[in-house]
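Q: Could you walk me through this one before I go back to the bench? I'd like to start with the overall layout and then go into the charged side chains.

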Amino acid sequence: MERISYKKRITRNIKLRNVMGKPVCIIPARAGSKGVTNKNIRNIGGKPLISHTIKSALDSKIFSHVIVSTEDKEIAAISKKFGAKVPFMRPKYLATDNTRADDYLLHAVKKLLDLGFEFDIVVWRDCTVPFIRNKDIKNSIKLLKEKNINPNLKIIRNDKKELIK
């Protein structure tokens, strides 16, 4: 029997399912930031940073669900307080400095599918970038659907920071 990595198994299972529905928003937020301690729950304008991203996603009316993926109980509680769902806790091994984004995002997608969530598009909203315009997200989803394309995410190293292109 062929041995298949966890990531390949999840990817294969996701491709086999033909799910439909409104897009789902996943906001990854871990507790162990080294650069700025507790950055995801630091007060910005009188509210935790993550609350701004949650509010923006909810106010957009784009998503069937706004999901926070975290390993931290405090982040989970704050996220729920501001209207996000936290239907599962991320395993600690997927919340380290060396964890790749595709690993925790695939984990989140698999968990959501296993819990019966239906969606055809996943939008990853980074907690530390709360002020993305909702019209830009809507236009991206529209383009994705109209052109029937498979999006790619490219992460490059630049000046010790990860940039998304």
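What follows is a conversation about the fold and the charged residues of this predicted model.

Q: How many helices and strands does the protein have?
A: The protein has five helices and seven strands, and reading along the sequence gives the pattern α-β-β-β-α-β-α-α-β-α-β-β.

Q: And what share of the residues is buried?
A: Of the 165 residues in the protein, 38% are buried. As for contacts, if you take those with a separation of 6 or more, 65% of them are between residues 24 or more positions apart.

Q: Switching to charges, where does Asp72 lie?
A: Asp72 is in the loop between β4 (65-69) and α3 (73-81). Asp72 is buried and yet has no salt bridge.

Q: Which side chain of opposite charge is nearest to Asp72, and why does that pair not count as a salt bridge?
A: The nearest one is Lys92, which is 6.3 Å away. A salt bridge needs a side-chain nitrogen within 4 Å of a carboxyl oxygen, so at 6.3 Å the pair of Asp72 and Lys92 does not count as one.

Q: What about Lys92 itself, buried or exposed?
A: Lys92 is exposed, with a relative accessible area of 63%, whereas Asp72 is buried. Lys92 has its place in the loop between α3 and α4 (101-114), and its C-alpha is 8.8 Å from that of Asp72, although the two residues are 20 apart in sequence.

Q: Then what does the side chain of Asp72 have around it?
A: A polar atom of the Asp72 side chain lies 2.9 Å from the backbone nitrogen of Ile75. Leaving aside residues up to four places away in sequence, Asp72 touches Ala31 and Met89.

Q: OK, back to salt bridges, how many does the structure hold?
A: The structure holds six salt bridges, and one of them joins the side chains of Arg30 and Asp97, at 2.5 Å from N to O.

Q: Which parts does the Arg30 and Asp97 pair tie together?
A: Arg30 lies in the loop between β1 (24-28) and β2 (43-44), while Asp97 is in the loop between α3 and α4, so the pair ties together parts that are 67 residues apart in sequence. Arg30 counts as partly exposed at 23% relative accessibility, and Asp97 also counts as partly exposed, at 45%.

Q: Can you give me another couple of salt bridges?
A: Asp102 and Arg100 meet through their side chains in a salt bridge of 2.8 Å, N to O. Asp102 is partly exposed at 27% relative accessibility, and Arg100 is partly exposed with a relative accessible area of 47%. A further salt bridge is formed by Arg133 with Asp136, where the closest N and O atoms are 2.9 Å apart. In that pair, Arg133 is partly exposed with a relative accessible area of 49%, and Asp136 counts as partly exposed at 30%.

Q: Last topic, rings: how many aromatic pairs turn up in the whole structure?
A: A search of the whole structure finds zero aromatic pairs.

Q: And which ring does the charged end of Arg90 sit over?
A: The charged end of Arg90 sits over the ring of Tyr104, at 4.5 Å from the centre of that ring.

How values were computed: Residues are numbered from 1 along each chain as its sequence is written. This is a predicted model: local features need pLDDT of at least 70, side-chain atom pairs count only at pLDDT 80 or more; totals for chains, interfaces and linings use all residues. Side-chain values use heavy atoms; hydrogens and water are left out. Helices (H or I, at least four residues) and strands (E, at least two) are DSSP runs, numbered from the N terminus. Buried means under 20% relative accessible area, exposed over 50%, partly exposed in between (1.4 Å probe, protein chains only). Lys and Arg count as positive and Asp and Glu as negative; His and the chain ends are not counted. A polar contact is a pair of N or O atoms within 3.5 Å; within protein, one must be able to donate a hydrogen and the other to accept it, and residues adjacent in sequence count only if both atoms are side-chain atoms. Contact means heavy atoms within 4.5 Å. Rings of Phe, Tyr and Trp (its six-membered ring) pair if their centres lie within 6.5 Å; planes under 30 degrees apart count as stacked, over 60 as edge-to-face and the rest as tilted. A charge sits over a ring if NZ of Lys or CZ of Arg is within 6 Å of the ring centre and within 35 degrees of the ring normal.
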